[in-house]
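Here are my notes for your first look at this structure. Keep the view open and follow the points in order.

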Amino acid sequence: MANRLAAGVDRVRRTTQAPRPRRDQAPGIRPATETDVPGVIALDQDVTGLLKRDYWHDMFERYGAHPDATRIFLVAENAGRIDGFIVGEVRAWEFGSTPSGWVFAVQVRPGRRVQGLGSRLFETVCDRFRAAGVDRVRTMVAPENTVIHSFFRSQGMMAGPFIELEMRLD
Ligand SMILES: CC(C)(COP(=O)(O)OP(=O)(O)OC[C@H]1O[C@@H](n2cnc3c(N)ncnc32)[C@H](O)[C@@H]1OP(=O)(O)O)[C@@H](O)C(=O)NCCC(=O)NCCS
């Protein structure tokens with residue numbers, strides 16, 4: 001009985017879990033280059049349904065074209081395809097905040113999710129932030145995006161000390 005139960009659990013696990021890529025098949029994480037921008041645009045369009053060419057070229061110009069310790073644009077590439085990316089920057093003294101790392105965007109290709117790639121991107125950007133000398137990382141999330149909440153919470157992030165305010169200008 002116990003054996004049959006264990007076999008059943010094992011079968012469900014095998015059929016419901018996406019296969020983890022072997023280590024040598026895992027995409028390499030590296031700084032973005034200009035030739036990666038079309039792949040980033042295409043992945044973002046797949047995920048969000050919006051084509052934002054100018055936005056991503058501008059993001060690359062700001063954070064990827066002249067990478068240094070404080071401006072970070074990383075991609076995860078696998079056989080020439082962009083499977084994920086993350087963008088961040090060290091910012092100091094805005095809103096009275098001490099220097100901290102900010103993550104502006106993180107995305108993983110739907111077929112490659114829940115295999116640890118988002119975590120590897122986040123860990124890599126956090127390593128860069130540590131190397132730049134900051135002791136905390138921040139981001140902003142939309143309240144209804146439960147997946148991104150769950151993801152950042154799983155990385156150890158919790159509610160921060162600031163409250164966002166806004167008003168309409170029309
Ligand atoms: C959020 C995102 C980057 C996560 O990437 P990922 O490669 O799947 O993340 P990981 O495999 O490293 O997951 C790490 C943890 O996040 C949480 N998580 C990830 N996907 C989840 C989901 N669909 N539901 C609930 N928790 C989830 C889990 O706790 C997971 O740990 P576990 O696998 O041990 O349970 C990816 O889902 C994504 O690109 N989402 C859309 C993009 C987006 O909304 N970006 C925010 C605006 S820039």
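**Notes on the fold, the core and the ligand shell**

1. Start with a hairpin. β2 and β3 pair in the antiparallel sense, and eight bridges link them. Two residues separate these strands in the hairpin. Look at Ala79 in the turn: its phi is positive, about 50 degrees. Beside the turn, Asn78 has Arg81 in β3 as its bridge partner.

2. Now trust. This is a predicted model. The mean pLDDT of the protein is 88, and 84% of its residues reach 70 or more. Residues 11–25 are the stretch to watch, with pLDDT below 50. Beyond near neighbours in sequence, this stretch has five contacts in the model. Where pLDDT is low, the predicted coordinates should not be read in detail.

3. Next, the overall layout. The protein has five helices and five strands. Read from the N terminus, the elements go α-β-α-α-β-β-β-α-β-α. Of the contacts with a separation of 6 or more, 58% join residues 24 or more positions apart. Of the 170 residues of the protein, 22% count as buried.

4. Put the hairpin back into its sheet. The five strands form an open sheet with mixed pairing, in the order β1-β2-β3-β4-β5. Which strands stand at the edges? They are β1 (28–31) and β5 (137–138). Each has a single partner strand, so one side of each is left without a neighbour in the sheet.

5. Compare two pairings of β4. With β3, β4 pairs in the antiparallel sense over eight bridges. Ile86 and Val106 are bridge partners here, with Val106 in β4. With β5, β4 runs parallel, and two bridges join them. Gly101 has its bridge partner, Val137, in β5.

6. Look inside. The largest nonpolar core has 25 residues. Leu74, Phe85, Ile86 and Val125 have the most contacts inside this core. Strands and helices both supply the core: β2 (71–78), β3 (81–91), β4, α2 (37–48), α3 (53–64) and α4 each give two or more residues.

7. Use Leu74 as a guide to that core. Leave aside its neighbours within four places in sequence. Leu74 is then in contact with Phe85 and Ile86, and also with Leu121, Thr124 and Val125. Its other contacts are Ile29, Arg30, Pro31 and Ala32.

8. Turn to the ligand. There are 18 residues around the ligand. Which come nearest? Arg113, Gly118, Ser119, Ser150 and Ser154 do. The elements that give two or more residues to this shell are β4 (100–108), α4 (117–131) and α5 (146–154). The largest share, five residues, comes from α5. By class, the shell has nine nonpolar, eight polar and one charged residues.

9. Check two backbone angles. Trp93 is not a glycine, yet its phi is positive, about 75 degrees. Trp93 sits in the loop between β3 and β4. Is Trp93 buried or exposed? Trp93 counts as exposed because it has 8 C-beta neighbours inside 10 Å, and the cut-off for exposed is 12 or fewer.

10. The second is Val114. Val114 also has a positive phi, about 55 degrees, and is not a glycine. Its place is the loop between β4 and α4. Val114 has 13 other C-beta atoms within 10 Å, so this residue is partly exposed.

Technical notes
Residues are numbered from 1 along each chain as its sequence is written. This is a predicted model: local features need pLDDT of at least 70, side-chain atom pairs count only at pLDDT 80 or more; totals for chains, interfaces and linings use all residues. A residue is near a molecule or strand if its C-beta atom, placed from the backbone, lies within 6 Å of it. Helices (H or I, at least four residues) and strands (E, at least two) are DSSP runs, numbered from the N terminus. Ala, Val, Leu, Ile, Met, Phe, Trp, Tyr, Cys and Pro count as nonpolar, Asp, Glu, Lys and Arg as charged, and the others, Gly among them, as polar. A residue is buried if 20 or more other C-beta atoms lie within 10 Å of its own, exposed if 12 or fewer, and partly exposed in between; C-beta atoms are placed from the backbone. Two residues are in contact if their C-beta atoms, placed from the backbone, lie within 7 Å. pLDDT is the predictor's confidence in each residue, from 0 to 100. A nonpolar core is a set of buried Ala, Val, Leu, Ile, Met, Phe, Trp, Tyr and Cys residues joined through C-beta atoms within 7 Å. Two strands pair if DSSP finds at least two bridges between them.
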